[in-house]
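Work through the exercises below with the model open. Each task is followed by a solution in steps.

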Amino acid sequence: MLRATSERCGAAVIVRVGGEVDACNEDAWSNLLIKMAAAAVAPGPFVVDVGNVGFMGCAAFVVLAHEARRCRRRGVNMCLVTNQPIVARVVAAGGLRPLLSVHPTVEAALSASNAEQFAR
């Protein structure tokens, strides 16, 4: 089962996800990210917190990469929040670091996004 909540924090959109992301709910995962990313307004970040996700199949990362590219084209920085080292390793091994920054907490993701915004 996949569950999610979302909130807006200024220009940022934060989505907290729990459960599992696998072949059974890949369409729901994709639709969730598309809908929530569309609500993010540049230069605000789109933060996806997967800290409460117990399993993420390979297709989940493909969807993240696709949406991160779409966000980047709109000037929105997509951030992934996880406390699971394996998720960060998959992002790095898959070459997704240029598209998708990984942070340990939502607060760290928001802070890093604000710092990046001011550096531009």
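**Exercise 1. Helix H1**

Compare the end-to-end reach of H1 with the expected value, then sort its residues by exposure.

Solution. This is a predicted model.

Step 1. H1 has 14 residues. From first C-alpha to last, H1 reaches 20 Å, close to the 20 Å expected at 1.5 Å a residue.

Step 2. Pick out the buried positions, those under 20% relative accessible area. In H1 they are Trp29, Leu32, Leu33, Met36 and Ala37.

Step 3. Place them around the axis. They cover an arc of only 115°, so they lie on the same side of H1.

Step 4. Turn to the other side of H1. Asp27, Lys35 and Ala38 are exposed there.

Step 5. Find the cover. The buried residues of H1 are covered by elements including E1, E2, E3 and H2.

**Exercise 2. Helix H2**

Check the span of H2 in the same manner. Then state what its buried residues pack against.

Solution.

Step 1. H2 takes in residues 58-73, 16 residues. At 1.5 Å a residue H2 should span 22 Å; the end C-alpha atoms are 23 Å apart, which agrees.

Step 2. List the buried residues of H2: Ala60, Phe61, Val63, Leu64, Ala65, Glu67, Ala68 and Cys71.

Step 3. Name the packing partners. They are E2, helix H1 (26-39), strand E3 (46-56), strand E4 (78-81) and helix H3 (85-93).

Step 4. Look past the helix end. Glycine 75 follows H2 and has a positive phi, near 85°.

**Exercise 3. The sheet**

In what order do the five strands of the sheet stand, and which stand at the edges?

Solution.

Step 1. The order is E1-E2-E3-E4-E5. The sheet is open and the pairing is mixed.

Step 2. Start with E1 (residues 2-9) and E2 (residues 12-21): they pair in the antiparallel sense over eight bridges. Leucine 2 stands opposite glycine 19 in E2. Two residues lie between the strands of this hairpin, where glycine 10 takes a positive phi near 65°.

Step 3. Move to E2 and E3. They run parallel, joined by eight bridges. One pair to locate is glutamate 20 with its bridge partner in E3, phenylalanine 55.

Step 4. Go on to E4 and E5. Three bridges pair them in the parallel sense. Valine 81 has histidine 103 in E5 as its bridge partner.

Step 5. Identify the edges. E1 and E5 (101-103) each have a single partner strand, so one side of each is left without a neighbour in the sheet.

Step 6. Add the twist. With direction ignored, neighbouring strands of this sheet are turned by 20° against each other on average.

**Exercise 4. The cores**

Which residues of the largest nonpolar core touch the most other members, and which element supplies its largest share?

Solution.

Step 1. This core holds 32 residues. Trp29, Phe46, Val48, Met56, Leu64 and Leu80 touch the most other members.

Step 2. Assign them to elements. E2, H1, E3, H2, E4 and H3 each supply at least two residues of this core. The largest share, seven residues, comes from H2.

Step 3. Separate off the second core. It has eight residues, including Ile14, Cys79, Val106 and Ala109.

Step 4. Zoom in on phenylalanine 46. Setting aside neighbours within four places in sequence, its contacts include Val13, Val15, Leu33, Met36, Cys71 and Met78.

Step 5. Check the strand E3. Eight of its 11 residues are buried, so E3 is mostly covered.

Terms used:
Residues are numbered from 1 along each chain as its sequence is written. This is a predicted model: local features need pLDDT of at least 70, side-chain atom pairs count only at pLDDT 80 or more; totals for chains, interfaces and linings use all residues. Side-chain values use heavy atoms; hydrogens and water are left out. Two strands pair if DSSP finds at least two bridges between them. Helices (H or I, at least four residues) and strands (E, at least two) are DSSP runs, numbered from the N terminus. The expected span of a helix is 1.5 Å times one less than its number of residues. Buried means under 20% relative accessible area, exposed over 50%, partly exposed in between (1.4 Å probe, protein chains only). Contact means heavy atoms within 4.5 Å. A nonpolar core is a set of buried Ala, Val, Leu, Ile, Met, Phe, Trp, Tyr and Cys residues joined through side-chain atoms within 4.5 Å. Axes are lines fitted to C-alpha atoms, for helices over the stretch in contact, and angles run from 0 to 180 degrees between N-to-C directions. The arc is that of the directions from the helix axis to the C-beta atoms.
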